[in-house]
Amino acid sequence: MTSTSTEILLMLMPVALLAAILLARQQQRLAALTGEVGELRRTVLHLESLFEQAPLGMAVFDTEGRFLRVNGLLADINGLTPGDHLGKTLRDLVPGVADASEAAFHQVMQSRQPVVGMVFDGATEANPGHKRTWRLSVHPVFDRAQKLLGVSAAVEDITEQHRLTAALRESEQRERRRAAELESVMEAAPVAIFIAHDRDCRHVTANATCRRLLRLAPGESPTMTGPGIRSYDVYEGEQAVAPEHLPLERAAASGEETWGRELVTRFADGDRLHIMVNAVPLRDERGRVRGAVAAFIDRGAAH
């Protein structure tokens with residue numbers, strides 16, 4: 001009897017060992033699956049947090065355009081609670097933005113490609129009758145088999161940004177018009193005017209009167225420090241004036257103003273031009289010198 005029991009036990013030992021191995025492997029698989037489920041749960045919670053805390057109004061729609069999910073910000077934008085949205089369409093709840101939004105939804109569902117950054121105007125129930133500017137992005141939502149389940153949408157209120165952009169564009173246009181007007185005035189002025197656009201007077205522009213009086217060819221600088229070849233020198237009395245001591249250069253370099261300084265321009269052919277010069281610095285918004293303006297008159301013509 002004892003011998004028979006021992007034989008049976010010996011026969012069952014490999015089966016028990018195999019069962020123990022299979023059980024251990026099953027436990028390992030269960031532990032791994034439990035870990036995967038935990039990681040998946042953490043991922044879902046993270047995505048839920050992002051969905052709710054995103055600085056954008058966000059929602060998910062089915063293929064019929066009905067709300068499946070909506071975050072708190074979009075619910076506030078629409079002047080409703082999140083629960084008010086479920087199963088409803090945009091046209092049911094916020095008809096003021098339905099036309100543009102539904103057109104984007106249909107485009108995404110037909111093309112299966114996202115629409116990003118579409119801008120449109122519309123009013124919501126939060127502020128009925130007051131149109132605001134919105135930026136909408138819509139993406140398709142697929143399952144693992146690439147079956148279209150619906151679309152996700154993110155909307156941002158860019159009313160203030162849009163207003164500031166329009167104001168900036170209008171301001172730029174005004175400045176362009178103003179610059180064009182000043183340039184026309186400068187060209188028409190019977191007084192010689194030249195402007196240094198930098199402190200070294202390397203970039204200087206002159207009006208028509210200045211170019212005529214100084215006999216400048218196209219491309220020549222009206223100053224002795226700028227690029228180009230000049231056919232004149234400048235004197236104060238009988239003393240030659242160094243380029244860095246000329247009124248424009250001094251105003252641009254140090255901010256020194258000049259009023260009524262009498263100089264003589266001597267040309268290569270011996271002709272002389274007696275002039276009286278004023279010069280003042282140009283300053284930036286912080287009061288720093290950034291260039292200068294000088295103007296002179298032909299004293300011979302004046303007499």
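Select Arg266 and Glu238 in this predicted model. Their side chains form a salt bridge, with the closest N and O atoms 2.8 Å apart. The two residues come from distant parts of the chain, 28 residues apart. Arg266 sits in strand S10, while Glu238 sits in the loop between S8 and strand S9 (239-240). Colour the pair by accessibility. Arg266 counts as buried, at 18% relative accessibility. Glu238 counts as exposed, at 63%.

Stay on Arg266 and add Tyr235. Arg266 lies over the face of Tyr235, at 3.8 Å from the ring centre. Arg266 thus has two partners to show: Glu238 through a salt bridge, and the ring of Tyr235.

**Arg215 and its partners**

Next, select Arg215 and Asp269. This is another salt bridge, and its closest N and O atoms are 3.0 Å apart. Arg215 lies in the loop between helix H7 (208-213) and strand S8 (232-236), and Asp269 in the loop between strand S10 (258-267) and strand S11 (272-283), so the bridge ties together parts 54 residues apart in sequence. Arg215 is partly exposed, at 40% relative accessibility. Asp269 is exposed, at 54%.

Which ring has Arg215 over its face? Add Phe267: Arg215 lies over that face, at 4.0 Å from the ring centre.

**More salt bridges**

Move to Asp157 and Arg132. Their side chains meet in a salt bridge of 2.7 Å, N to O. Asp157 belongs to strand S5 (residues 148-157) and Arg132 to strand S4 (residues 132-142), with their positions 25 residues apart in the chain. Asp157 is partly exposed, with a relative accessible area of 33%. Arg132 is partly exposed too, at 31%.

Then pick Arg91, Asp99 and Glu102 together. Salt bridges link these three residues in a network. How many salt bridges are there in the count? The count comes to 17.

**The largest nonpolar core**

Now hide the charged side chains and show the largest nonpolar core, which has 26 residues. Start with Phe194, Cys210, Leu214, Leu248, Leu273 and Phe296, which touch the most other members. Strand S6 (192-196), S7, H7, S8, helix H8 (247-254), S10, S11 and S12 each supply at least two residues of this core. Which element gives the largest share? Strand S11 does, with four residues.

Zoom in on Phe296. Leaving aside neighbours within four places in sequence, Phe296 is in contact with Val191, Ala192, Phe194, Cys210, Leu213, Leu214, Leu273, Ile275, Met276 and Val277. Show the ring of Phe194 beside the ring of Phe296. The two form an edge-to-face aromatic pair, 5.9 Å centre to centre, with 70° between the planes. Phe194 is in strand S6 and Phe296 in strand S12, 102 residues apart. Are these two rings' residues buried or exposed? Both Phe194 and Phe296 are buried.

**Along strand S12**

Stay in strand S12 (residues 289-298) and select Val293. Val293 is partly exposed, at 23% relative accessibility. That value is not under the 20% limit for buried residues, so Val293 does not count as buried. Among the residues Val293 touches are Ile193, Phe194, Ile195, Leu248 and Leu282, not counting residues up to four places away in sequence. Now add Ala196. The C-alpha atoms of Val293 and Ala196 are separated by 6.2 Å, although the two residues are 97 apart along the chain.

**A buried asparagine**

Select Asn207, in the loop between strand S7 (204-206) and H7. Is Asn207 buried or exposed? Asn207 is buried, at 0% relative accessibility. A polar atom of the Asn207 side chain lies 2.9 Å from the backbone oxygen of Val191. Show the surroundings as sticks. Asn207 touches Met186, Glu187, Ala189, Val191, Ala192 and Ile193, not counting residues up to four places away in sequence. Val191 and Ala192 also appear among the contacts of Phe296.

**Aromatic pairs elsewhere**

The structure holds four aromatic pairs. For another of them, select Phe61 and Phe67. This pair is tilted, 4.4 Å centre to centre, with 45° between the planes. Phe61 and Phe67 are both buried. Add Phe105 to the selection: Phe61, Phe67 and Phe105 form one aromatic cluster.

Notes
Residues numbered from 1 in each chain as written. Predicted model: local features only at pLDDT ≥ 70, side-chain atom pairs only at ≥ 80, totals over all residues. Heavy atoms only, no water. Salt bridge = Lys/Arg side-chain N within 4 Å of Asp/Glu carboxyl O. Buried < 20%, exposed > 50% of the residue type's maximum accessible area, 1.4 Å probe, protein only. Polar contact = N/O pair within 3.5 Å; in protein donor to acceptor, adjacent residues only side chain to side chain. Contact = heavy atoms within 4.5 Å. Core = buried A, V, L, I, M, F, W, Y, C linked by side-chain atoms within 4.5 Å. Phe/Tyr/Trp six-rings, centres within 6.5 Å; stacked < 30°, edge-to-face > 60°. Lys NZ or Arg CZ within 6 Å of the ring centre and 35° of its normal.
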